[in-house]
Amino acid sequence: MHWRSKLLHSRTHTPKDFRSLTVPVYRGSTVLFDQAADIVDDWRQRTHGYTYGLYGSPTVLELGARIAEIEGAHHCFVVPGGQAAIATTYLAFCKAGSHCLLPWSAYGSNQEMAAGLMKGLGIEVEAYDPLIGAGIERMIRPNTALVWTESPGSVTMEIQDVPAIVAAAKARGVPVALDNTYAAGVLFDAFQHGVDVSVQAVTKYIGGHSDILLGSVSVASAPLYERVGSAWAQLGMAVSPDDASLALRGLQTLGVRLERLESSALAVATWLKARPEVESVLHPALPECPGHECWKRDFTGSASVFSFVFRPQVPSARIASFVDALTLFAKGFSWGGTASLVMVYPTLKRPDRDFGGRLVRLNIGLEEPEDLIQDLDRALESLR
Ligand SMILES: Cc1ncc(COP(=O)(O)O)c(C=O)c1O
């Protein structure tokens with residue numbers, strides 16, 4: 001062969017069966033079939049064998065299989081981010097004319113999708129009080145296609161009575177989806193509590209190092225596998241095997257990171273609670289957090305993210321200077337990584353409360369908690 005053909009058709013033989021302790025990174029869009037009769041085009045690679053890279057290389061499927069194993073799911077679809085997981089779930093269950101319920105404490109971009117793309121498609125997404133519990137029954141309509149839960153809620157941290165919501169929805173044949181990112185799929189057992197679909201921003205705790213964006217959609221049963229899988233495949237939710245490999249690495253240390261993050265976050269939250277400038281600390285493990293009783297009953301631990309509210313005597317204008325005075329807390333979105341972060345919400349309101357720009361969210365990282373407390377202390381002193 002000419003060397004130019006050799007560039008593409010090699011006859012080299014490297015030894016096979018390299019047995020690495022870690023999952024190799026398999027890249028590929030085209031997948032090879034042995035013969036014409038073997039060719040299939042189907043997203044169900046678990047049963048049909050590999051067909052096309054879009055539906056996941058072995059690295060991506062291994063990540064999905066491990067998340068499913070840890071969550072006790074029937075199957076887990078890996079998607080490009082947490083928001084992609086939310087979009088996949090909406091589109092799997094809702095169509096024009098559907099009604100859907102979403103807690104008003106849901107992740108902001110979920111609410112934006114509800115009021116934006118979903119509304120445009122003729123899907124009505126109605127907001128509900130995250131603490132409604134069994135009262136959700138009154139909001140379910142004949143055309144309700146999906147009930148979303150997210151516990152704790154984003155930023156305001158309400159813990160939902162997911163079992164009560166599941167019971168009410170199940171009685172009316174309505175599926176329940178949970179954004180289980182806070183619990184990293186482990187601190188709250190979504191499927192034991194009857195949830196049908198558990199989504200995670202793998203970006204946060206499983207990724208764990210703020211260097212990837214990934215999401216997961218785990219389903220409870222074979223019919224849900226078909227339903228969600230069909231939407232997932234049509235949407236073309238392709239995932240980079242390199243990112244999946246980083247998430248597989250993240251999974252290995254998730255246990256030790258969560259333990260450490262829990263104790264550090266609790267130490268900082270407890271310290272803040274005693275400060276005269278602070279009105280309330282919204283941390284699921286503290287009794288003043290709305291829904292704390294449900295956390296105590298249903299969760300096996302708490303994580304790294306929580307919020308606190310300054311007393312009205314601290315003018316909201318001073319809160320930006322407090323944030324700027326912090327040196328160990330980086331200012332930036334997201335959470336669940338190794339670094340401590342701070343975020344302010346100057347316009348945050350819920351239908352039952354206006355925070356007056358006095359709410360601050362912290363993500364506690366792997367720094368020494370004493371250093372973080374000193375940093376907060378210095379920044380609070382600078383307010384005087
Ligand atoms: C609760 C929750 N769900 C979903 C997402 C979206 O995840 P991603 O940033 O991976 O799209 C986020 C991101 O902040 C989140 O906090």
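**Figure 1. Arginine 44 forms a salt bridge with glutamate 226.** Welcome to the first close-up of this predicted model. The closest N and O atoms of arginine 44 and glutamate 226 are 2.7 Å apart. Arginine 44 belongs to the loop between helix H1 (3-6) and helix H2 (45-48), while glutamate 226 is part of helix H7 (residues 222-235), so this pair ties together parts that lie 182 residues apart in sequence. As a reminder, side chains of opposite charge can pair when their charged atoms come close. How many salt bridges does the structure hold? The count is 21.

**Figure 2. The ligand sits in the largest pocket.** Here we turn to the residues around the ligand. The shell has 15 residues, and those that come nearest are Gly82, Gln83, Asp179, Thr203 and Lys204. Sorted by class, the shell has six nonpolar residues, six polar ones and three charged ones. Which helix gives the largest share of this shell? Helix H4 (residues 82-93) does, with three residues.

**Figure 3. Glycine 82, aspartate 179 and threonine 203 place polar atoms close to the ligand.** Let us take these three residues in turn. At glycine 82, a polar backbone atom is 2.8 Å from an oxygen atom of the ligand. Aspartate 179 uses its side chain instead: one of its polar side-chain atoms lies 2.7 Å from a nitrogen atom of the ligand. For threonine 203, an N or O atom in the side chain is 2.5 Å from an oxygen atom of the ligand. On its own, the ligand has 390 Å² of accessible area, and the protein covers 88% of that.

**Figure 4. Serine 151 and proline 152 are joined by a cis peptide bond.** Omega for this bond is about -5 degrees. Where along the chain should you look for proline 152? You will find proline 152 in the loop between strand E4 (144-150) and helix H6 (162-171).

**Figure 5. Aspartate 17 has a positive phi.** The angle is near 65 degrees, and the residue is not a glycine. Aspartate 17 lies in the loop between H1 and H2. Readers may recall that loop from the opening view, where arginine 44 was also placed between helix H1 (3-6) and helix H2 (45-48).

Technical notes: Residues numbered from 1 in each chain as written. Predicted model: local features only at pLDDT ≥ 70, side-chain atom pairs only at ≥ 80, totals over all residues. Heavy atoms only, no water. Near = heavy atom within 4 Å. Polar contact = N/O pair within 3.5 Å; in protein donor to acceptor, adjacent residues only side chain to side chain. Areas by Shrake-Rupley, 256 points an atom, 1.4 Å probe, with all protein chains shown as cover. 1 Å grid on protein atoms, 1.4 Å probe; cavity = no way out; pocket = protein on both sides within 12 Å on 5 of 7 lines; lining within 4 Å. Sits in = over half its atoms within 2 Å of the grid points. Helix = DSSP H or I, 4+ residues; strand = E, 2+ residues; numbered from the N terminus. Nonpolar A, V, L, I, M, F, W, Y, C, P; charged D, E, K, R; others polar. Salt bridge = Lys/Arg side-chain N within 4 Å of Asp/Glu carboxyl O.
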